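Q: Could you take me on a close look at one part of this model? I'd like to start from a single leucine and then hear about the aromatic rings.

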Amino acid sequence: LIHFYKRERMGVLSLPALGATLLPFAGAIPGSIITRKNTKTWYEHVKKPSWRPPNWAFGPVWSCLYAGMGYASYLAYQGSEGDTLRKAMALYASQLILNWSWTPVFFGQHNVKGAFYLLTGLWANVAACGLSFYKIDKTAGYLMAPYLAWVSLATALNYWIWRHNGDRPEGKPQPKSE
């Protein structure tokens, strides 16, 4: 909030800021459809660790993260030019593509091994993007930190699922033990 008080034109709605904030949601919509289709039929039946977040937490968390990264991109875009801007926006665009690609690989193809490797690339890309943003605008860099933390958790969760279910688990209901 302190950052907003420092900005001029506090009360003016900025369409570019709004557009940048909403952009990450564009790729999340198809992903949410894929996730919903596969949660009950597949994901519910794969082995998962006890420390995983509850299913209901993912939507609100991703909504906050998408809004934060979107606004961070706006701040970085406004605070830079030339090669610095091109590098920052290339990192941002590539991490969005990796982010949006994970759901079809994990939930759509049930390829948890491939999804894990995709997440490791995403983690490195988000870290580089956050550092790039931080050099331009500290708040933009800070806004990427929760995203990096969540991707770290997602990577650990994806790894656990891979190691305990195999590369492409079928996710069939487990017989009840008596």
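A: Let's start with L22, which sits in helix α2 (residues 15-39); helices here are DSSP runs of H or I, at least four residues long, numbered from the N terminus. L22 is partly exposed, at a relative accessible area of 46%, where buried means under 20%, exposed over 50% and partly exposed in between (1.4 Å probe, protein chains only).

A quick note on the ground rules: this is a predicted model, so local features need pLDDT of at least 70 and side-chain atom pairs pLDDT 80 or more, while totals for chains, interfaces and linings use all residues. Residues are numbered from 1 along each chain as its sequence is written, and side-chain values use heavy atoms, with hydrogens and water left out.

On to the rings: the whole structure has 20 aromatic pairs, meaning Phe, Tyr or Trp rings (the six-membered one for Trp) with centres within 6.5 Å; planes under 30 degrees apart are stacked, over 60 edge-to-face, the rest tilted. F106 and F107 are edge-to-face, because their centres are 5.0 Å apart and their planes at 75 degrees. Both F106 and F107 are buried, and ring pairs join them with W42, Y43 and W102 in a cluster.

Then there's F116 with Y159, a tilted pair with centres 5.3 Å apart and planes at 55 degrees. That pair links distant parts of the chain, with F116 in helix α5 (residues 112-136) and Y159 in helix α6 (residues 138-165), 43 residues apart. F116 is buried at 13% relative accessible area, whereas Y159 is partly exposed at 39%.

Notes:
Helices (H or I, at least four residues) and strands (E, at least two) are DSSP runs, numbered from the N terminus.
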